Amino acid sequence: MIGLNIVIAAILAFTAAMCAVASVVLRGKWPMAWLAAALICGSAQTLVMTFGAGTPVELLAKATLAPIACIFAGLGIKAMNPKATKASLPVLVAVGALTLLAVVLQVADAAFFQFAVVTQLACTLAATQAAVWMSQQMRHNLLDLLVTGGLVVIAAFSAVRIPLLLFYYGADVSFTEFRLSALETVLLSVSGLLVPPVIFLLIARNIADTIRTFQHQSERDGLTGLLNRRAFDATAESSMGLGGAVVFCDIDDFKQVNDRYGHQTGDDVIRTFAALLARTGHHAGRIGGEEFAILLPGKAIGEARDLAEMIRARFHETAHTGLTVEHRLSASFGVAVHGIGEPLRAAFTRADSALYQAKETGRNRVVLFGDPAPLALPRRGRHAA
């Protein structure tokens, strides 16, 4: 048992160091910092149980380190999703009060039974809160299911010890009888072997979320959340084999908005227009200052035209905060199709030519490439794929 405890303590300490390093490298990643603190508490408690067995120091470690480790782990889970805040404060207060009560009972030399029930109740509440926080942000993938299931099992193991104290050991059990019992040895071993895998799964989940965040930031425009130009081009190339339509759009007279109302209002206008594009559910990107594009794989030109017309009408009808009441903005649209396997450069050029025609013939309109009206040449350097 001593050898197993040392191995478990070493694993927890090593994992704590990994989390601490990751928190620093990832510039103050709080979930990793909280997990590191929880693992340090777990490692310290395991060492105290090994080398201070049967002493008041072990009882003090049980009363404080175990519930604190559960709380720290729960706060790490909560930090992965700040919205997961339900029932947090009452539980944290209850755990703190129970932990303090356990310390008072030990100092007062109360019966071990009373001390053990209070300590186990604190651990159970803390572990249950961690499981609840995890369930509030669970995305129903395998990793999240494993983490949530592991936390539920840990909380269940902690809860099981309370009725065991009442019915199996009895109120007269001593600390020595309790810690040397075969059942308690089994429960401690299972808990000690269960915690590290759950922690590793939490670390893996946090790393995956971090990678996903960095990937999102590298692919998305910071102002609008739409695809940036590089990501839009990559998406277009990947769907080239499907054929379809592409829509280029541009907010009309946008420079006047910036000059008259300021860049903050201009940014709000861009975000409003981008939100309309995002709500279509299609791949949309910001490919210039006030210039955007929508990719419609497999769609006919008529469907693309109807979508562009819907966006045009809604944007023109929108009353924009920061503009005068009579000021109604508009946008122009150019629509083109591309055949299956055709390079997107040609389709982009055609859509750009149609957009230029919309601008030259009055703005606030949708123009399809190939309309009978004469098309102006595309502007040099615009939208080249």
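Modeller: Let's start with a cut-off: buried means under 20% relative accessible area, exposed means over 50%, and partly exposed lies in between (1.4 Å probe, protein chains only). This is a predicted model, where local features need pLDDT of at least 70, side-chain atom pairs count only at pLDDT 80 or more, and totals for chains, interfaces and linings use all residues. Residues are numbered from 1 along each chain as its sequence is written, and side-chain values use heavy atoms, leaving out hydrogens and water.

Biologist: Thanks! Why is C123 called buried?

Modeller: Its relative accessible area is 7%. The cut-off is under 20%, so C123 counts as buried.

Biologist: And what keeps C123 from being bonded to C70?

Modeller: A disulfide is a pair of cysteine sulfur atoms within 2.5 Å. The sulfur of C123 is 5.3 Å from that of C70, its closest cysteine sulfur, and therefore too far for a bond. By this rule the model has zero disulfides. C19 is in none either, as the nearest cysteine sulfur, in C41, is 13 Å away.

Biologist: Why is L92 called partly exposed?

Modeller: L92 has a relative accessible area of 28%, which lies between the 20% and 50% cut-offs, so partly exposed is the right name.

Biologist: Now salt bridges. What makes D221 and R286 one?

Modeller: A salt bridge needs a side-chain nitrogen of Lys or Arg within 4 Å of a carboxyl oxygen of Asp or Glu. The closest N and O atoms of D221 and R286 are 3.3 Å apart, so the pair fits the rule. D221 is buried at 16% relative accessibility, and R286 is buried with a relative accessible area of 16%.

Biologist: How do you know that K359 and D250 form one too?

Modeller: Their N to O distance is 2.9 Å, and the limit is 4 Å, so they qualify. K359 is buried at 11% relative accessibility, and D250 is buried at 5%. D250, D252 and K359 are linked in a network of salt bridges.

Biologist: Where do D259 and K255 lie?

Modeller: Both are in helix 10 (residues 254-261), four residues apart, about one turn of the helix. Helices here are DSSP runs (H or I, at least four residues), and strands are runs of E with at least two, numbered from the N terminus. An α-helix has 3.6 residues a turn, so residues three or four places apart point the same way. The side chains of D259 and K255 meet in a salt bridge at 2.8 Å, N to O.

Biologist: Why are D259 and K255 called exposed?

Modeller: D259 has a relative accessible area of 56% and K255 comes to 59%. The cut-off is over 50%, so D259 and K255 count as exposed.
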